[in-house]
Amino acid sequence: MLARGETVHGRVDELPFSERAVPQAKGMQRIALTPIFADTAWWGFLALGRTDASRVWSEMELEALRTAAEVFGAAIYRAEAEAERERIQLKLQAAQKLESLGVLAGGIAHDFNNLLTSILGNANLARMDLPPDSPAEYPLQQIEATTQRAAELCRQMLAYAGKGRFVVRTQDLNHLIKDIIQLLRVSLSKKASIDLELAPGLLQVVADAAQVRQIMMNLVLNASEAIGDRPGRIRITTGMIRPDSACFDDAVCAPEQPAAEYVFLRVQDDGCGMTAAVRARIFEPFFTTKFTGRGLGLSATLGIVRGHQGALKLESEPGQGTTFTLLLPRATEQPAEPEVPAPTAPAWQGKGNILVVDDEANVRHVAGRALETLGFTVTAAQDGREAVELFAANPAGFTAVLMDLTMPRLNGLEAFAQMRQIHPSVRVVLMSGYDAQASTASVTARGLAGFLSKPFELAKLREQMRALDDLPPQL
Ligand SMILES: Nc1ncnc2c1ncn2[C@@H]1O[C@H](COP(=O)(O)OP(=O)(O)O)[C@@H](O)[C@H]1O
Ligand SMILES: [Mg+2]
């Protein structure tokens, strides 16, 4: 191989073997040859060739050849650098677009959750005051059901934005699937049969159960929609793998630092499959090919997978069906007992004074009203700072604190920390529609008395407040 600025000239059959083929094919007898370098990378050769076996190249001709090769090399390098810059620019723009969509989606979901808290809470309160045979009963039930569907959309948007991870604990993946499969069967296309192939034994992951269920719902619903009205099968498989170095090469999303072992969930359908053009866009939020689609299922799924240091793989061809494989790092601790809060009797009544803290007046108001129906008296504060001041003035005057997480001036966790310094056993139930901290610590590990995700039913609030009775008394 020639170095930069070097030339060889002479008979073609004296050239190094590897450089002989092309000139020989063109019938050249004598040749002068110099390499072209684009910056430092060898790009090719520039050559002068003659069929005349007696031709000799002058030093001036060779110098011209070297100069021409330099000019070529520089032009090629510029063109390549330009193309590379453009490629990076496009990638950056795409990333920025997705990033700002994420911020937007997260912000909208946060505000909507507050609105939905007020709608759902007020509908619950109105129903409580009505006789069961009231004609208003049905429309109020519809309001509640619709609110839950709107809340579901908010959850997808939050998941896409990488928010909404609330309670992370060790779970068994098989258990989560069995839990949700009944629910899935009723909402799926009647033509699709579901085959469950769950690996024996425990498949432990550290995860937010609600979010893992959300992924399963999204993948299985998509599979069923891809099958449509034709008969088809959905295969759900679980298992454990030790990834090799190539395992994540073709993944849609891969962990930065692969773990030694993964638990996988595979959802396979024999539905319509996807073209390359569709495959390229399915993780964009709001991208859908369905008439009534929202385009949030897969973008939310990806957000959740990232949040759990997992990986996602996709195989799909038109007419060949689709396979999604989700991998989550395997956890080694024993799964915590699933928390099954005992349903609280509707007649349960509490007593004492509750400090309700939220920057949204609507939420403050409806939560206050709901607590009053449960037998509590209520003091309201509009942000963390006001709450801490009220609490500091009379810590014994409050049975518990019901506080929003995301607030101006002093947020819920900061206010909680300050209240704890004033009074270590203060009971704080945090509520949020938006996990600004993307916290990984579980609620109880932080010393919180409870957590409510917005929007919540009156019954959920009652359960949380009832559960406070089981805690050691606040001194
Ligand atoms: N199993 C599947 N088979 C074929 N296409 C799929 C499958 N899953 C997802 N897609 C494609 O990805 C798109 C985005 O999916 P998703 O984010 O769940 O939104 P939506 O289901 O509301 O359209 C779908 O509109 C569809 O084109
Ligand atoms: Mg979907």
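These questions and answers cover ligand 1 and a pocket in a predicted model.

Residues are numbered from 1 along each chain as its sequence is written, and ligands are numbered from 1 in the order written. In this predicted model local features need pLDDT of at least 70, and side-chain atom pairs count only at pLDDT 80 or more, while side-chain values use heavy atoms, without hydrogens and water.

Q: What makes a residue part of the shell around ligand 1, and how many residues surround ligand 1?
A: A residue is near a molecule if one of its heavy atoms lies within 4 Å of it. For ligand 1, 22 residues do so. Asp-269 and Lys-290 are among the closest.

Q: Why is the pair between Leu-298 and ligand 1 called a polar contact?
A: A polar contact is a pair of N or O atoms within 3.5 Å. A polar backbone atom of Leu-298 lies 2.8 Å from an oxygen atom of ligand 1. That is within the limit, so the pair counts.

Q: Why does the pair between Thr-322 and ligand 1 count as a polar contact?
A: A side-chain N or O atom of Thr-322 is 3.2 Å from a nitrogen atom of ligand 1. This pair is also within the cut-off, so it counts.

Q: How do you know which helix gives the most to the shell around ligand 1?
A: Helices are DSSP runs (H or I, at least four residues), numbered from the N terminus. H5 gives the most, with four residues.

Q: What makes up the lining of the second largest pocket?
A: Lining residues have an atom within 4 Å of a point of the pocket, on a 1 Å grid. By that rule 20 residues line the second largest pocket. H2 gives the most, with six.

Terms used: A polar contact is a pair of N or O atoms within 3.5 Å; within protein, one must be able to donate a hydrogen and the other to accept it, and residues adjacent in sequence count only if both atoms are side-chain atoms. Helices (H or I, at least four residues) and strands (E, at least two) are DSSP runs, numbered from the N terminus. On a 1 Å grid over the protein atoms alone, a cavity is a set of points where a 1.4 Å probe fits but cannot get out, and a pocket is an open set with protein on both sides within 12 Å along at least five of seven lines; lining residues have an atom within 4 Å of a point.
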